[in-house]
Amino acid sequence: MPICRPSASSAVRAGRTLLMLGIALGCANAAIAQNSAPPPQAAPHTSARQQGDAAMERLKDAVARQKAETPTGPTALPDLPEAERRRAFEGLRKHAPSPAMDARARAALEAGKDAFAAQREAMGKRLREALGLEAPDMAAVANHAASKVANDWVPVLFVSSSMPVTTLRTYAVQLEKAGGVMAFRGMPGGLARVGPMAKLSAEVLRLDPGCEGPACAMRNVQLIVDPLVFRQHGVNAVPALAMIPGDPTQPYCERDDASPVAVHVIYGDAALSGLLDEYARLGGKEEVRDAQARLEGR
C-alpha cells in the first residue's frame, strides 16, 4: 500500500490545532496560578484595632480573676459568747478611779487659777501706776535702783499717743537700758476713758508685739500720764528729753509746781543716745553720765 504524502492543507490544519492547544494550556495554567495565590492581607489599622481589643479583653479577664482571688475581711463583729461579754462589761464597771491622780489634777487646776489671778493683779497694778492712778511700789523701785548704778537724775522722754507705735517701742527699748521714764501729757480719748491708753501701753511695752493677754512679758519701763510735768518744763513738742531729779513717777495729783525740774529740755526726733549727748553738750555731763553708761552697757 502506497504511502501518501500529507498535503499542504493538512499541514496547515495540524499547525493551527497545535497553536490552539498551546493557547488553551497557557490559559489553564494562569487560572491555576490565580486560584493558588495567597489571600490579600488586612489593612494595618484594622489589625491594630483587633490586637487592642484582644489585649483589653485579656486585661478584663485578669482583673476579674484578681477580684475573685482577693480575700475579703469580716463585715461584722464576731459573736462573742455571753460569758465573755459579761466579763468585759464587769471589768469596766469595776475600774476604780485613782484618788491620787484626781488630787494632782485638782491641785494643778487651783495652782493655774492662782497664778493667773496673781499675774492679772500685777498687770493691773502696773497699769494703774503707769497711768498715775496709784503710787508705785517703793520697795520694788528701790530694788530695781539697787541693781543699777545710783542716779539722782532720771531721763524723762516726753512723747505723745499720736507718734507711731514703732517709734514708741524703739524708745521703750532704749529707756529700759537707761532706766528712763516715758511721759504722756494725757490719755487718748480723754481721762474718762482708760481703755485706749491701756491698749497703747501694752502695745508699746510688750516684748513680743504679737502676744495677746495679761500673761505677755513687758519691758521694765515706767509710763506716766502727767500734764503737770509738761507744764513745768514748757514742753510743746515731742519727742523731748529732760533729766529730772528725784522721782518723776510720783502721781501728779500728789505733787505741786514746786517739784524739781530739769535744767535743759532737748527737742528732736533722734535716738535717746543723741538726745543725751546734746544734753551733755549744753552743760549736763554730770546729769547724763550714769544714763549714758547704762545705755551703752558699761
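Colleague: Why is His-233 counted as buried?

Modeller: Buried means under 20% relative accessible area, exposed means over 50%, and partly exposed covers what is in between, with a 1.4 Å probe and protein chains only; the relative accessibility of His-233 is 11%, so His-233 counts as buried. This is a predicted model, in which local features need pLDDT of at least 70 and side-chain atom pairs count only at pLDDT 80 or more, while totals for chains, interfaces and linings use all residues. Residues are numbered from 1 along each chain as its sequence is written, and side-chain values use heavy atoms, with hydrogens and water left out.

Colleague: Where does His-233 lie, and which residues is His-233 in contact with, leaving aside its neighbours within four places in sequence?

Modeller: His-233 belongs to helix H8, where helices (H or I, at least four residues) and strands (E, at least two) are DSSP runs numbered from the N terminus. With contact taken as heavy atoms within 4.5 Å, and apart from neighbours within four places in sequence, His-233 meets Phe-158, Ala-242, Ile-244, Val-261, Ala-262 and Val-265.

Colleague: What makes Phe-158 and Phe-230 an aromatic pair, and why is the pair called edge-to-face?

Modeller: Rings of Phe, Tyr and Trp (its six-membered ring) pair if their centres lie within 6.5 Å, and planes under 30 degrees apart count as stacked, over 60 as edge-to-face and the rest as tilted. The structure holds one such pair: the rings of Phe-158 and Phe-230 are 4.9 Å apart centre to centre, with 80° between the planes, so the pair meets the distance limit and falls in the edge-to-face class. Phe-158 is in strand E1 (residues 153-159) and Phe-230 in helix H8 (residues 227-233), so the pair ties together parts that are 72 residues apart in sequence. Both of these Phe residues are buried.

Colleague: How do you know that a disulfide joins Cys-211 to Cys-216?

Modeller: A disulfide here is a pair of cysteine sulfur atoms within 2.5 Å; the S to S distance between Cys-211 and Cys-216 is 1.9 Å, so they qualify. By this rule the count comes to one disulfide. The link of Cys-211 and Cys-216 is left-handed, with -90° about the S-S bond.

Colleague: Why is Cys-211 called partly exposed, and why is Cys-216 called buried?

Modeller: Cys-211 has 22% relative accessibility, which lies between the two cut-offs, so Cys-211 is partly exposed. Cys-216, with a relative accessible area of 5%, is under the lower cut-off and therefore buried.

Colleague: Why are H6 and H9 described as roughly perpendicular to each other?

Modeller: Helix H6 (residues 165-178) and helix H9 (residues 272-295) pack at an angle of about 75°, with their axes 6 Å apart. Axes are lines fitted to C-alpha atoms, for helices over the stretch in contact, and angles run from 0 to 180 degrees between N-to-C directions. Angles under 35 degrees count as roughly parallel, over 145 as roughly antiparallel, 65 to 115 as roughly perpendicular and the rest as oblique, so H6 and H9 are placed in the roughly perpendicular class. On the H6 side the contact is made by Tyr-171, Gln-174, Leu-175, Lys-177 and Ala-178, and on the H9 side by Leu-272, Ala-291, Arg-294 and Leu-295.

Colleague: Why is Val-204 called buried, and what does Val-204 touch, not counting residues up to four places away in sequence?

Modeller: The relative accessible area of Val-204 is 0%, under the limit for burial, so Val-204 is buried. Val-204 lies in helix H7 (residues 195-205) and, residues up to four places away in sequence not counted, touches Leu-168, Arg-169, Ala-172 and Met-182. Val-204 and Arg-169 are 35 residues apart in sequence, yet 4.9 Å apart in space from C-alpha to C-alpha.

Colleague: What makes the peptide bond from Val-238 to Pro-239 cis?

Modeller: The peptide bond from Val-238 to Pro-239 has omega near 0° and is cis. Pro-239 sits in the loop between H8 and strand E4 (240-245).

Colleague: Which elements of the protein chain have the lowest and the highest mean pLDDT?

Modeller: Given that pLDDT is the predictor's confidence in each residue, from 0 to 100, helix H5 (residues 138-146) has the lowest mean among the elements, 51, and strand E5 (residues 265-267) the highest, 96. Over residues 144-151 the pLDDT is below 50, and beyond near neighbours in sequence this stretch has 10 contacts in the model. The protein chain averages a pLDDT of 77, with 69% of the residues scoring at least 70.
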